[in-house]
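Have your viewer open and your selection tool ready. We will go from one stop to the next, and at each one you will hear what to select and what is there.

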Amino acid sequence: MAVENIQGKYITFADGEYVIPDNPLVGALAGDGIGPDIWSATQMVLDAAVEKAYAGKRKICWQPLAAGEAAFAATGSYLPETTLAAIAKLRIAIKGPLSTPTGGGIRSLNVALRHHFDLYACIRPVRYYEGVPSPMKRPGDLNVVIFRENIEDVYAGMEWVAGSEEAEALGDYLRDKLQAKLRPGSALGIKPVSPEGCKRLIRSAIQYAIDNGRKMVTMVHKGNIMKFTEGAFCQWGYDLAKAEFSDQVITEDELMTKYQGVPPSGKIILNDRIADAMFQQLLLRPSEYDVLATLNLNGDYLSDACAAQVGGLGIAPGANVGDGIAIFEATHGTAPKYAGLDKVNPGSLILSGKMMFDFMGWNEAGLLVEKALQKAILGRKVTYDLARQMEGGEEVSCSAFGKLIVAAM
Ligand code: NAD
């Protein structure tokens with residue numbers, strides 16, 4: 001697939017920094033199901049924001065890339081090599097949802113993409129937009145950014161069917177060599193958690209907090225039970241903070257013992273919470289939390305629970321980020337029953353575009369997108385998912401909602 005475009009320039013990455021030209025080539029994967037609908041509304045909104053913010057001085061040169069069912073129909077592959085090569089060269093891409101092929105082979109295209117590019121940080125900011133129906137009394141109290149480790153943990157894909165030759169062989173080894181108590185015929189899975197994997201995730205969470213004026217990073221874990229995996233995640237985080245961020249970060253213990261509980265200005269507090277308690281904390285005292293760092297499975301649960309608190313997945317954005325490659329994505333799935341109906345909410349992908357602008361340093365465009373989306377929601381002409389729960393809400397199509405956001409800029 002050609003990614004050459006005479007109008008656009010490639011984004012480059014050197015010494016840990018992205019260099020963004022004024023006319024960057026950016027990958028666009030519309031995705032499956034409702035993907036094409038939400039992508040076309042999103043593209044309209046993002047282009048309008050760049051035009052409004054930079055008056056022609058900047059422009060995104062979108063590079064459409066094939067993945068998912070359309071790619072399979074055309075090439076026999078759900079994730080064609082040409083698409084993977086193009087993303088590697090483009091470095092930044094935005095994608096709609098991809099359906100998980102049924103019947104073996106690839107477990108999930110999204111997981112495959114994360115592993116292929118080693119996109120180790122799944123970043124999900126969760127904040128409330130006024131007017132969005134929420135089950136909470138004060139949904140605005142929640143404003144967190146979740147950094148979820150994307151590659152390791154029970155998600156690493158190492159598990160074996162109950163009774164299989166592999167499970168029996170591993171079971172025998174564990175029983176014989178490590179005195180593990182295992183019932184015969186057990187299914188087995190492995191939970192790999194490495195110091196390198198944990199530290200790079202927690203490093204990016206702390207760096208994000210520093211760069212964005214956040215006050216606290218909380219490591220969420222089940223280290224009380226899984227001491228050598230979840231507990232180690234937390235301990236490696238404290239080790240990392242001491243080794244690499246001692247000027248910028250203090251621990252919660254230090255806050256109490258050295259600073260009498262009063263946070264010194266300019267310092268970020270690093271603490272940790274047990275995952276089950278954290279679910280309660282986020283419901284009962286949401287305003288006390290800021291940036292969260294988690295292993296893979298905890299982060300999966302936590303990010304959807306947080307999204308529900310502020311009104312659901314329909315407008316929750318996300319990004320999967322590695323060193324030198326970043327893919328911004330809608331966090332919901334392909335909602336196949338609404339495919340092609342121009343009906344669903346494009347908010348998740350639009351706000352992922354806002355995240356992408358911020359990531360590129362195009363904050364003016366990002367702010368325009370966010371403010372316009374907020375204004376459009378307050379106008380109460382919204383897609384069905386919001387309209388049906390909103391007093392006085394009027395349902396409009398996906399594309400019409402996109403146009404209302406553009407009009408609100
Ligand atoms: P889903 O998120 O696609 O849909 C569940 C329901 O949520 C929908 O029926 C719809 O009522 C609602 N919904 C989802 N997105 C919406 C939007 N933008 N606006 C309004 N309402 C919306 O979840 P599912 O049905 O479990 O999964 C369908 C397919 O999507 C599966 O193949 C699954 O593997 C895939 N999936 C992909 C991703 C991804 O690409 N990141 C994530 C989750 C699921």
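Before we start, a word on labels: helices and strands here are DSSP runs, with at least four residues for a helix and at least two for a strand, numbered from the N terminus. Keep in mind, too, that this is a predicted model.

**Stop 1: the ligand**

Select the ligand and show the 20 residues around it; those that come nearest are Thr100, Asn110, Gly333, Ala335 and Asn345. By class, this shell holds nine nonpolar, seven polar and four charged residues. Now colour strand E15 (326-330) and helix H13 (384-387), each of which supplies at least two residues of the shell.

Next, look at some distances. Pick Thr100, where a polar side-chain atom sits 2.6 Å from an oxygen atom of the ligand. Move on to His332: an N or O atom of its side chain is 3.1 Å from a nitrogen atom of the ligand. At Thr334, turn on the backbone, since a polar backbone atom there lies 3.0 Å from an oxygen atom of the ligand. How much of the ligand does the protein bury? Taken alone, the ligand exposes 810 Å², and 66% of that is buried by the protein.

**Stop 2: Asn110**

Stay with one of the residues that come nearest to the ligand, Asn110. You will find Asn110 in helix H4, which covers residues 109-116. Is Asn110 buried or exposed? Its relative accessible area is 17%, so Asn110 is buried, the cut-off for that class being under 20%. Add Lys95 to the selection: the side chains of Asn110 and Lys95 are joined by a polar contact of 2.6 Å.

**Stop 3: the largest pocket**

Rolling a probe the size of a water molecule over the atoms shows where empty space is left. The largest pocket has a volume of about 1,200 Å³. To find its centre, select Ile123, Phe147, Tyr208, Asn212 and Phe359, the closest to that point of the 43 residues in the lining. Then colour the elements that give two or more residues to this lining, among them strand E6 (121-127), strand E7 (143-149), helix H6 (195-211) and helix H11 (347-360). The lining of the largest pocket divides into 24 nonpolar, nine polar and 10 charged residues.

**Stop 4: the second largest pocket**

The second largest pocket has a volume of about 390 Å³. Of the 20 residues that line it, select Gly312, Leu313, Gly314, Tyr384 and Asp385, which are the closest to its centre. Which element gives the largest share of this lining? That is H13, with three residues. You have already coloured this helix, as H13 also supplies at least two residues of the shell around the ligand. The lining of the second largest pocket is made up of 10 nonpolar, eight polar and two charged residues.

**Stop 5: two residues to compare**

Go to Thr294 in strand E13 (residues 291-294). Thr294 has a relative accessible area of 0%, so this residue counts as buried. Show Gly299 as well, and you can see the side chain of Thr294 reach the backbone nitrogen of Gly299 at 3.2 Å.

Finish at Ala187, in the loop between helix H5 (165-178) and strand E9 (188-189). Here the relative accessible area is 51%, so Ala187 is exposed; the cut-off for that class is over 50%. For a last distance, select the C-alpha atoms of Ala187 and Gly171: they are 9.0 Å apart, with the two residues 16 apart along the chain.

Conventions. Residues are numbered from 1 along each chain as its sequence is written. This is a predicted model: local features need pLDDT of at least 70, side-chain atom pairs count only at pLDDT 80 or more; totals for chains, interfaces and linings use all residues. Side-chain values use heavy atoms; hydrogens and water are left out. A residue is near a molecule or strand if one of its heavy atoms lies within 4 Å of it. A polar contact is a pair of N or O atoms within 3.5 Å; within protein, one must be able to donate a hydrogen and the other to accept it, and residues adjacent in sequence count only if both atoms are side-chain atoms. Accessible areas come from the Shrake-Rupley method with a 1.4 Å probe; for residues, only the protein chains shown count as cover. Ala, Val, Leu, Ile, Met, Phe, Trp, Tyr, Cys and Pro count as nonpolar, Asp, Glu, Lys and Arg as charged, and the others, Gly among them, as polar. On a 1 Å grid over the protein atoms alone, a cavity is a set of points where a 1.4 Å probe fits but cannot get out, and a pocket is an open set with protein on both sides within 12 Å along at least five of seven lines; lining residues have an atom within 4 Å of a point. Grid points are joined across faces, edges and corners, and a volume is the space filled by probe spheres set on the points. Buried means under 20% relative accessible area, exposed over 50%, partly exposed in between (1.4 Å probe, protein chains only).
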